[in-house]
Amino acid sequence: MRSDSETGFSADENDIGDSIEETAEGILTTLLRRIERRFFPGVRPVNGIEVVRNSHLPCRYVPAEKKIQIHAELAQFAKLSALIIVHELVHHKLQEADPNYAYNPYGPKFRDEIMELAKQDDYLRLL
Ligand SMILES: [Zn+2]
């Protein structure tokens, strides 16, 4: 990122906005990796998490890129972000196991994964 050489601040407002979202992405990436290790140890990690503003969804899994997009407004809330990251990682896990999974993303396989998570105290603490 460019910065003003005298102040060290970004050269324009857009850069400042970008830097806030980059910070959020850094924090959420740390959170994401912890959640992956804790709840999905046997699943290949996603490629990353991206903070976006131009979305009508709070969060979504993008199968083609194997990444999670999270809205900047939601990204402010760490515990809520953690809960929804687990949700998106269930989609990722099931998509990895079955490329046709997206035809029925909230079917029995999804429900079974949530029921397994609900047996874990660490998951219940997110609720
Ligand atoms: Zn979902």
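**A sheet, a core and two crossing helices**

Let me start with one pairing, in which β1 and strand β3, residues 67-71, run in the parallel sense and are joined over five bridges. I should say at once that this is a predicted model, and everything I describe was computed from it. Within that pairing, G48 stands opposite K67 in β3, and the bridge partner of I49 in β3 is I68.

Now, stepping back to the sheet that contains this pair: it is an open sheet of three strands, ordered β1-β3-β2, and the pairing within it is mixed. The edges are formed by β1, residues 48-52, and β2, residues 59-62, each of which pairs on one side only. On average, and ignoring direction, neighbouring strands of this sheet are turned by 25° against each other. For anyone less used to sheets, strands pair through backbone hydrogen bonds, either parallel or antiparallel.

Which way do the side chains of β1 point? They alternate along the strand, with I49 and V51 pointing to one face, where they are buried, while G48, E50 and V52 point to the other face and are not buried.

That brings me to the largest nonpolar core, which has 18 residues, and among these L28, I35, I68, I70, I85, V86 and L89 touch the most other members. Two or more residues of this core come from each of α1 (13-39), β1, β2, β3 and α3, and it is α3 that gives the most, with six residues. If you want one residue to look for on the screen, take I85, which touches L31, L32, I35 and I68 when residues up to four places away in sequence are not counted.

Let me stay with α3, since we have just met it in the core. This helix covers residues 78-97 and lies across β2 and β3, running at about 25° to β2.

Finally, how does α3 meet helix α4, residues 108-117? Their axes come within 10 Å and cross at roughly 130°, and the two helices are therefore oblique to each other. In general, two packed helices are described by the angle between their axes and the distance between the axes. Here the crossing in which α3 passes α4 is right-handed. As for the residues involved, V86, V90, K93 and L94 on the α3 side meet K109, F110, E113, I114 and L117 on the α4 side. You may recognise V86 from a moment ago, as it was also listed among the core residues that touch the most other members.

Terms used:
Residues are numbered from 1 along each chain as its sequence is written. This is a predicted model: local features need pLDDT of at least 70, side-chain atom pairs count only at pLDDT 80 or more; totals for chains, interfaces and linings use all residues. Two strands pair if DSSP finds at least two bridges between them. Helices (H or I, at least four residues) and strands (E, at least two) are DSSP runs, numbered from the N terminus. Axes are lines fitted to C-alpha atoms, for helices over the stretch in contact, and angles run from 0 to 180 degrees between N-to-C directions. Two residues are in contact if their C-beta atoms, placed from the backbone, lie within 7 Å. A nonpolar core is a set of buried Ala, Val, Leu, Ile, Met, Phe, Trp, Tyr and Cys residues joined through C-beta atoms within 7 Å. A residue is buried if 20 or more other C-beta atoms lie within 10 Å of its own, exposed if 12 or fewer, and partly exposed in between; C-beta atoms are placed from the backbone. Angles under 35 degrees count as roughly parallel, over 145 as roughly antiparallel, 65 to 115 as roughly perpendicular and the rest as oblique. A crossing is left-handed if the near helix is turned anticlockwise from the far one by less than a right angle, and right-handed if clockwise.
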